[in-house]
Amino acid sequence: QVQLVESGGGLVQAGGSLRLSCAASGRTFSNNVMGWFRQAPGNEREFVAAINWRGSSTYYADSVLGRFTIPRDNAKNTVYLQMNRLQPEDTAVYYCAATVGPSNKVTRPSSYDYWGQGTQVTVSS
């Protein structure tokens, strides 16, 4: 089993920044994908960003490209979501997710095997 614990959410004004963290514990994998998704009330869960094990490939939703980055620190079993120039439409619960192995369908929630409990991000206008 893998446990994922997110932290770093909160309330921020439009134009501000937040950094989310996702710490993995338990069984870990040497060649997986870590991703971030978000879900606003009444909406489906949507892909935000993903990164492969070595960090050589990153993927971003068009809506966050150029504003968000997804670094990972394998020594700490942690993946981050650095969010800059936040906008009210970024308000959502943000979820961290992990695959067991490599995946080429990183934007699909069904590709991920483990999920965190979510952390709320609220951006005020």
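**Notes on an all-strand chain and its cavity**

1. From the N terminus on, the chain's elements run β-β-β-β-β-β-β-β-β-β-β-β. That gives 12 strands and 0 helices; here strands (E, at least two residues) and helices (H or I, at least four) are DSSP runs, numbered from the N terminus. Please keep in mind that this is a predicted model, where local features need pLDDT of at least 70, side-chain atom pairs count only at pLDDT 80 or more, and totals for chains, interfaces and linings use all residues. Residues are numbered from 1 along each chain as its sequence is written, and side-chain values use heavy atoms, with hydrogens and water left out.

2. On overall dimensions, the C-alpha trace spans about 40 × 25 × 25 Å along its principal axes. The radius of gyration is 13 Å, which agrees with the value near 14 Å for a compact globule of 125 residues. That radius is taken over C-alpha atoms, and the globule rule is 2.2 Å times the number of residues to the power 0.38.

3. Now to surface and contacts. The chain has an accessible surface of about 6,400 Å², and carbon and sulfur atoms hold 46% of that surface; the areas come from the Shrake-Rupley method with a 1.4 Å probe, and for residues only the protein chains shown count as cover. Of the 125 residues, 42% count as buried, meaning under 20% relative accessible area, with exposed being over 50% and partly exposed in between (1.4 Å probe, protein chains only). Among contacts (heavy atoms within 4.5 Å) with a separation of 6 or more, 58% join residues 24 or more positions apart.

4. You may like the cavity. Rolling a probe the size of a water molecule over the atoms shows where empty space is left. The count comes to 1 cavity of 30 Å³ or more, with a volume of about 150 Å³ for the largest cavity. A cavity here is a set of points, on a 1 Å grid over the protein atoms alone, where a 1.4 Å probe fits but cannot get out; lining residues have an atom within 4 Å of a point. Grid points are joined across faces, edges and corners, and the volume is the space filled by probe spheres set on the points.

5. As for the lining, 15 residues surround the largest cavity, and Ala-24, Asn-32, Met-34, Arg-72 and Asn-77 lie nearest its centre. Strands E8 (72-73) and E9 (78-83) each supply at least two lining residues. By class, the lining has 7 nonpolar, 5 polar and 3 charged residues, where Ala, Val, Leu, Ile, Met, Phe, Trp, Tyr, Cys and Pro count as nonpolar, Asp, Glu, Lys and Arg as charged, and the others, Gly among them, as polar.

6. Asn-77 deserves a second look: besides lying among the residues nearest the centre of the largest cavity, Asn-77 has a positive phi of about 50° although it is not a glycine. Asn-77 sits in the loop between E8 and E9 and is partly exposed, with a relative accessible area of 31%. Arg-85 also has a positive phi of about 50° without being a glycine. Arg-85 belongs to the loop between E9 and strand E10 (92-98), and its relative accessible area of 47% makes it partly exposed.

7. Asn-84 is in the loop between E9 and E10 too, and counts as partly exposed at 27%. Leaving aside neighbours within four places in sequence, Asn-84 is in contact with Gly-16, Ser-17, Arg-67 and Phe-68. Its C-alpha lies 9.1 Å from that of Val-64, with the two positions 20 residues apart in sequence numbering.

8. Two strand residues are buried. Gly-35, in strand E4 (residues 34-39), has a relative accessible area of 0%. Beyond four places in sequence, Gly-35 touches Ala-49, Ala-50, Ile-70, Tyr-95, Cys-96, Ala-97 and Tyr-112; Tyr-95 is 60 residues away along the chain, yet the C-alpha separation is 8.3 Å. Ser-21, in strand E3 (residues 18-26), is buried at 16%, and its contacts include Trp-36, Thr-78 and Tyr-80.

9. Finally, Val-106 has its place in the loop between E10 and strand E11 (114-115), and counts as buried at 5% relative accessibility. Apart from neighbours within four places, Val-106 is in contact with Val-33, Phe-37, Phe-47, Ala-50, Tyr-59 and Tyr-112.

Terms used
On a 1 Å grid over the protein atoms alone, a cavity is a set of points where a 1.4 Å probe fits but cannot get out, and a pocket is an open set with protein on both sides within 12 Å along at least five of seven lines; lining residues have an atom within 4 Å of a point.
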